Amino acid sequence: MDPRDASDSLDRATDDFLAARPQLFGIAYRVLGSAAEAEDVLQETWVRWQNTDRSAVKEPAAFLTTITARLAINVAQSARVRRESYVGPWLPEPVDTRHDPQLGAERAEALEMAVLLLLEKLNPVERAAYVLREAFDYPYKQVAEILETSEPNTRQLVSRARKHLSAERKEPVSPADHRRLLEVFLAAAQTGDMRVLENVLAADVVSYADGGGIRGASRIPVVGRPRVSKYLAAFAPRFWPPAETRWVEANAGPAVLVTAGGNPVALLSVDASEDGIHRIMWVMNPEKLAPYVTSLTA
């Protein structure tokens, strides 16, 4: 082969990969709930794409999507074992969506922190089927080909995922009401105002603190309005006085970055319906916070 032909071929392969990359990352991230693991999947996809006989590939984007989805499923299966030994509650790794609110998708499904947390309870194949169909609008037939299963089975996989989400999560409030509830919650949490906290929290509220074993993060979820209110009021005098807050966007929704002495301490976000706040999510693990904070300056 003429070296120039090889160079042209690699240039085309690079262009095809870069064109598909936002969508590939969006798929891997939604299946895994981890930006770091999604980047690892994309790196492996690129290596396989380089080593593929690309002359036989008619649709590069479809081929790359298939590789990415299958790799993500494999990683998710092994990650499930690792997360069983994770210290404390596990939350998805937050991503900055200011520049791409859909994160490579046609629709924003399966991007909110609460949805990613719920999808984690599904098996990886169910998650992948839901993500490909609901967020990226792939036809059932193509999803079935990617997952190497039948079309009827694919429909069942997506249906089970939908039922799980609808059973576990009430209809979310509007973006404006979401922001307002988070503002009221933050003010009450900072002052330990039990009356306001009990008013803004849903009866079945759960507070998750993902610290990855760091000191100060609760290692079990705190469940129920009375317990969560008392918990927040108890740690308010120690947690908030040295802290500064900054409103940011994470996973296409409002969030609050908490810092102390210039160092990130937590990323706070909530999930809410007309009944109030159902889930309070504190990402405190430094390994998850650092990449997100870095992205804010990009």
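A salt bridge here is a side-chain nitrogen of Lys or Arg within 4 Å of a carboxyl oxygen of Asp or Glu. The model is predicted, and it holds 17 salt bridges.

## Salt bridges

Side chains of opposite charge can pair when their charged atoms come close. Three pairs are set out below.

| Acidic residue | Basic residue | Closest N to O distance |
|---|---|---|
| Glu 134 | Arg 162 | 2.5 Å |
| Asp 271 | Arg 169 | 2.7 Å |
| Asp 210 | Lys 288 | 2.5 Å |

Glu 134 and Arg 162 are joined by a salt bridge, with 2.5 Å between the closest N and O atoms. Glu 134 belongs to helix α5 (residues 124-135) and Arg 162 to helix α7 (residues 151-168), so the salt bridge ties together parts that lie 28 residues apart in sequence. Glu 134 has a relative accessibility of 12% and is therefore classed as buried, because buried means under 20% relative accessible area. Arg 162 has a relative accessible area of 36% and is partly exposed.

In the pair of Asp 271 and Arg 169, the closest N and O atoms are 2.7 Å apart. This salt bridge links distant parts of the chain, with Asp 271 in strand β5 (residues 263-273) and Arg 169 in the loop between α7 and α8 (175-191), 102 residues apart. Both Asp 271 and Arg 169 are buried. These two residues also belong to a network of salt bridges that links Glu 112, Arg 169, Asp 271 and Arg 279.

The side chains of Asp 210 and Lys 288 form a salt bridge at 2.5 Å, N to O. Here too the pair links distant parts of the chain: Asp 210 sits in strand β1 (residues 201-210) and Lys 288 in helix α11 (residues 286-296), with their positions 78 residues apart in sequence. Asp 210 is buried, with a relative accessible area of 0%. Lys 288 is buried as well, at 10% relative accessibility.

## Acidic residues in helices α1 and α2

A patch of negative charge on the surface is made up of Asp 8, Asp 11, Asp 15 and Asp 16. Asp 16 is placed in helix α1 (residues 3-32). The relative accessible area of Asp 16 is 31%, which means that Asp 16 is partly exposed. For membership of a patch, a residue needs over 30% relative accessible area and no salt bridge.

Glu 37 is in helix α2 (residues 35-50). At 15% relative accessibility, Glu 37 is buried. When neighbours within four places in sequence are left aside, the contacts of Glu 37 are Leu 32, Val 75, Ala 79, Arg 82 and Arg 83.

## Residues with a positive phi

Most residues other than glycine have a negative phi. Leu 103 is not a glycine, yet has a positive phi of about 55°. Leu 103 is located in the loop between α3 (60-84) and α4 (113-119). With 8% relative accessibility, Leu 103 is buried.

Asp 137 also has a positive phi, near 60°, and is a residue other than glycine. The loop between α5 and α6 holds Asp 137. Asp 137 is partly exposed, at 33% relative accessibility.

## Leu 147 and Met 194

Leu 147 is in helix α6 (residues 140-147). Its relative accessibility is 14%, so Leu 147 counts as buried. Beyond its neighbours within four places in sequence, Leu 147 is in contact with Ile 73, Val 125, Ala 128, Ala 129 and Leu 157. Leu 147 and Ala 252 are 105 residues apart in sequence, and their C-alpha atoms are 28 Å apart in space.

Met 194 is in helix α9 (residues 194-200). Met 194 has a relative accessible area of 27% and is partly exposed. Apart from neighbours within four places in sequence, Met 194 is in contact with Ser 229, Lys 230 and Ala 233. Between the C-alpha atoms of Met 194 and Thr 297, which are 103 residues apart along the chain, the separation is 36 Å.

Notes: Residues numbered from 1 in each chain as written. Predicted model: local features only at pLDDT ≥ 70, side-chain atom pairs only at ≥ 80, totals over all residues. Heavy atoms only, no water. Patch = residues over 30% accessible without salt bridge, like charges linked within 9 Å, V, L, I, M, F, W, Y side chains within 5 Å. Areas by Shrake-Rupley, 256 points an atom, 1.4 Å probe, with all protein chains shown as cover. Lys, Arg positive; Asp, Glu negative; His and termini not counted. Charge placed at Lys NZ, Arg CZ, Asp CG, Glu CD. Helix = DSSP H or I, 4+ residues; strand = E, 2+ residues; numbered from the N terminus. Buried < 20%, exposed > 50% of the residue type's maximum accessible area, 1.4 Å probe, protein only. Contact = heavy atoms within 4.5 Å.
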